[in-house]
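Let's take a relaxed walk through this structure. Have a look at it first, and then we'll go through some of its features together.

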Protein chains: 2
Amino acid sequence: MTIHDVECCDTYQVHEELVRAVNEKMPGEEELYDLAELFKVFGDSTRIRILYVLFEAELCVCDIAQTLGMTQSAISHQLRILKQSKLVKSRRDGKQVFYSLADDHVRTIIDQGREHTEE
Amino acid sequence: MTIHDVECCDTYQVHEELVRAVNEKMPGEEELYDLAELFKVFGDSTRIRILYVLFEAELCVCDIAQTLGMTQSAISHQLRILKQSKLVKSRRDGKQVFYSLADDHVRTIIDQGREHTEE
DNA sequence: TAAACATATGAATAATTGTTCATTTGTCAT
DNA sequence: ATGACAAATGAACAATTATTCATATGTTTA
């Protein structure tokens, strides 16, 4: 019985090895937070729809809004969140700002999610 | 100019092909909703921590609660959400209920998320 | 410089969500 | 059956969040 053992379910069990393995592989608090934040970004259907649109082409805010039938403001707010998470990048061309996917993780993550939901 | 064209950014542009491609590849409303729901589940650090614990072993509710230093009720509520999303499965053994990962999508999705956040 | 347009942003509101507390349900041992 | 323990659940509260509206910023053209 060591200090790492856990009293649980009214019986003493030797959890030492488990607790060590978990602590070893569990990301630190900050990374866990960042990870949850990232998935939160995918956890909104408006943002997912924006990403699906950007799968097809680089588009300005106005085009995205029109394609999805939402207001410019709503889309702009969501694009800011997507950009902060580095899922999309932007490029200004005159009055317009064009958005595109930042990298291929976006597709992979969404594809994995779809694989899961389709089962 | 067809009915599918979009007036946007004060100029008429031919978006017909784009709109068609988007509509073709964009999942239906229900699947988009399910997809967002799935990612929402990953969008909470408590649930991610639970999944990391289950990466190591099948555990009862009480063990998970002790390992994470949270109440049985809080963990139970979250396990219900994880189970509804088919990310974990459960097995009763006497008074205890043991939880484990439902499939390997969980690891893949979390790994992809980590890859993105670590860049 | 002024007007017009595209985008960004702040405040407000409604809706959603995680945790706690109290209680219930299910199972085992006596 | 009764008491004890593990887990599940409902209600309540605090915190977070998506959209709307109004307005500000940045860019181009006249």
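## Where the chains meet

In contact with 44 residues of chain A are 44 residues of chain B, where "in contact" means that the C-beta atoms of two residues, placed from the backbone, lie within 7 Å. On the side of chain B that touches chain A, the elements giving two or more residues are strand 1 (6-8), helix 1 (16-25), helix 2 (29-42), helix 3 (45-56), helix 4 (61-68) and helix 6 (105-117) of chain B. Helices (H or I, at least four residues) and strands (E, at least two) are DSSP runs, numbered from the N terminus. Helix 2 of chain B gives the most to this side, with 10 residues.

And what kinds of residues are they? The side of chain B that touches chain A has 23 nonpolar, 11 polar and 10 charged residues. Here Ala, Val, Leu, Ile, Met, Phe, Trp, Tyr, Cys and Pro count as nonpolar, Asp, Glu, Lys and Arg as charged, and the others, Gly among them, as polar.

A quick word on the model: it is predicted, so local features need pLDDT of at least 70 and side-chain atom pairs count only at pLDDT 80 or more, while totals for chains, interfaces and linings use all residues. Residues are numbered from 1 along each chain as its sequence is written, and chains are lettered from A and ligands numbered from 1 in the order in which they are written.

## A sheet in chain B

Chain B has an open sheet of 3 strands in the order 3-5-4, with antiparallel pairing; two strands pair if DSSP finds at least two bridges between them. Strand 3 (59-60) and strand 4 (88-93) of chain B are the edge strands, each pairing on one side only. Strand 3 of chain B is joined to strand 5 (residues 96-101) of chain B by 2 bridges. If you zoom in on B:C60, you'll find its bridge partner in strand 5 of chain B, B:F98.

## Positive phi values

Now for a few backbone angles.

| Residue | Phi | Place |
|---|---|---|
| A:K86 | near 60° | loop between helix 5 (72-84) and strand 4 (88-93) of chain A |
| B:K86 | about 60° | loop between helix 5 (72-84) and strand 4 of chain B |
| A:G69 | near 65° | after helix 4 of chain A |

A:K86 counts as partly exposed because it has 16 C-beta neighbours inside 10 Å. A residue is buried if 20 or more other C-beta atoms, placed from the backbone, lie within 10 Å of its own, exposed if 12 or fewer, and partly exposed in between. In helix 4 (residues 61-68) of chain A, the buried residues include A:D63, A:I64 and A:A65.
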